[in-house]
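This report describes selected features of one protein chain, from its aromatic pairs to its helices, charged side chains and loops. Please read it alongside the sequence and the coordinates.

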Amino acid sequence: HYIAENRTQYFALLRSAMGAGLIITCMAIIKIFITGAHLPALTETILISLNYGLGFVIIHILHFTVATKQPAMTAATIASSIGENGSKIKSLDKLVKIVSQTTSSQTSAVLGNVMVIIPCAFLVDLAVQYFTGHHFITTDKAQMLLKSNDPFQSGAVFYGAVAGVCLFLAGLIAGFHDNLSAFNKIPERLNALPWLKKCLGESRLQRIADYIKDNLGALAGNFYFGCMLGVTSGLGVMLGLPLDIRHVTFVSAFSSFSIAALDYDISNYVWIAALLGVVFVATANLLTSFFLALYVAMKSRKVRFEQWHIFTKTLFSRLNRHPDEFFLPPKD
């Protein structure tokens with residue numbers, strides 16, 4: 001699900017990410033309504049957190065993919081490969097292949113999210129303008145959003161790294177709940193409740209227990225990830241601290257709403273800044289969460305990899321000779 005090893009898996013991941021793009025567009029719309037209501041800071045923070053948390057849970061239930069949710073899984077795979085092969089030189093080709101597949105898969109997921117979010121945002125603005133006579137957001141709001149996502153005039157990249165830390169913590173939370181479910185035998189205990197079996201029926205209860213067994217960690221991780229995004233941003237407002245988050249999907253949505261609200265009449269600099277804002281925030285989201293997850297995965301397996309210099313040289317050599325392996329669909 002997280003690493004596409006062939007074209008079929010690659011395009012399945014792309015379609016899954018496109019489905020998530022629809023849900024995230026709705027989440028962005030809801031957030032704009034919440035912030036536009038000018039509620040007390042704490043109330044606004046709670047509502048935004050629930051919007052994010054429940055939205056990510058729905059995405060998981062529908063088997064869609066948010067690009068930035070991948071690093072925790074891929075980092076564990078790389079750590080496992082190092083652990084299996086040790087630090088021998090002959091294992092480097094396998095590691096480079098895993099990294100190239102990971103990069104290609106994450107590129108697919110980011111593209112799937114963004115290529116749906118951007119046109120959907122434009123269509124929403126067009127529909128609102130058709131029925132109401134004005135844009136979805138005001139010009140002042142549009143200029144503020146574009147400036148806040150400008151990587152050269154704001155802390156957007158740093159805030160993207162903060163969101164990457166939240167992604168990493170969400171991965172730990174997901175692992176904790178998976179272990180909690182296994183250790184406390186939650187699915188088995190649910191199956192053993194006579195009154196619940198009588199209410200739902202034996203087969204239905206078994207399906208529910210199996211779903212909890214396979215998905216409790218993912219559901220918890222997605223919900224708490226959304227809550228962390230909302231709370232982090234809210235704390236920055238309430239405490240007056242330079243603390244906020246940027247997530248590539250929401251940067252794409254808000255930038256698109258803003259460009260549409262300005263009737264696409266913006267300078268070349270703003271176009272470039274909006275594009276680079278998406279690219280840089282996506283990079284900050286992925287790299288921060290990936291390296292934190294990789295560090296913890298290797299520490300937990302007590303893996304020591306002594307060939308980082310040679311591995312890095314091999315990786316960049318492969319990237320120079322075969323860049324398509326890192327960004328395009330894998331060859332069958």
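## Burial and the basis of the model

A residue is called buried when its relative accessible area is under 20%, exposed when that area is over 50%, and partly exposed in between. The structure is a predicted model.

By this standard Phe225, at 0% relative accessibility, counts as buried, because its value is under 20%. Phe56 is likewise buried, with a relative accessible area of 0%.

## Aromatic pairs

A pair of aromatic rings is described by the distance of the centres and the angle of the planes. Rings pair if their centres lie within 6.5 Å; planes under 30 degrees apart count as stacked, over 60 as edge-to-face and the rest as tilted. The count for this structure comes to twelve aromatic pairs. One of them joins Phe56 and Phe225: the ring centres are 5.1 Å apart and the planes stand at 35°, so the pair is tilted. This pair links distant parts of the chain, since Phe56 belongs to helix α2 (residues 41-61) and Phe225 to helix α9 (residues 202-239), with the two positions 169 residues apart in sequence numbering.

Phe223 and Tyr224 form another aromatic pair, with 5.8 Å from centre to centre and 70° between the planes, an edge-to-face arrangement. Phe223 is partly exposed at 25% relative accessibility, and Tyr224 is partly exposed with a relative accessible area of 39%. Elsewhere, ring pairs link Phe33, Phe136 and Phe257 into a cluster.

## Helix α9

Does the end-to-end distance of α9 agree or disagree with the expected span? At 1.5 Å a residue, the 38 residues of α9 should span 56 Å, and the C-alpha atoms at its ends are 51 Å apart, which agrees.

Helix α9 also contains a kink of about 60°, centred on Asn215. After the helix comes Gly240, whose phi is positive, near 70°.

## Helix α1 and its ends

Helix α1 covers residues 7-36. Its 30 residues reach 43 Å from the first C-alpha to the last, close to the 44 Å expected at 1.5 Å a residue.

The N-terminal end of α1 is capped by Asn6, which places a side-chain oxygen 3.2 Å from the backbone nitrogen of Thr8. Just after α1, His38 adopts a positive phi of about 55°.

## A buried lysine without a salt bridge

Lys31 is found in helix α1. What is the nearest side chain of opposite charge to Lys31, and how far away is it? That side chain is Asp244, at 6.0 Å; Lys31 is buried yet has no salt bridge. A salt bridge requires a side-chain nitrogen of Lys or Arg within 4 Å of a carboxyl oxygen of Asp or Glu. The side chain of Lys31 does make a polar contact of 3.1 Å with the side chain of Tyr52.

Leu47, in helix α2, has its C-alpha atom 8.5 Å from that of Lys31, and the two residues are 16 apart along the chain. Leu47 is partly exposed, with a relative accessible area of 35%.

## Salt bridges

How many salt bridges does a search of the whole structure find? The search finds two. In one of them, the side chains of Arg246 and Asp244 meet at 3.0 Å, N to O. Arg246 is buried, with a relative accessible area of 10%. Asp244 is also the residue named above as the nearest opposite charge to Lys31.

Arg318 and Glu325 also form a salt bridge through their side chains, at 3.0 Å, N to O. Glu325 is partly exposed, with a relative accessible area of 26%.

## Positive phi values in loops

Lys185 lies in the loop between α6 (156-183) and α7 (186-191). This residue is exposed, with a relative accessible area of 51%, and has a positive phi of about 55° although it is not a glycine. From C-alpha to C-alpha, Lys185 and Lys213 are 8.9 Å apart in space, while 28 residues apart in sequence.

Asp263 is found in the loop between α10 (248-261) and α11 (268-300). Its phi is near 60°, a positive value in a residue other than glycine.

Conventions. Residues numbered from 1 in each chain as written. Predicted model: local features only at pLDDT ≥ 70, side-chain atom pairs only at ≥ 80, totals over all residues. Heavy atoms only, no water. Phe/Tyr/Trp six-rings, centres within 6.5 Å; stacked < 30°, edge-to-face > 60°. Helix = DSSP H or I, 4+ residues; strand = E, 2+ residues; numbered from the N terminus. Buried < 20%, exposed > 50% of the residue type's maximum accessible area, 1.4 Å probe, protein only. Expected span 1.5 Å × (residues − 1). Bend = angle between axes of the 7 residues up to and from the residue. Lys, Arg positive; Asp, Glu negative; His and termini not counted. Polar contact = N/O pair within 3.5 Å; in protein donor to acceptor, adjacent residues only side chain to side chain.
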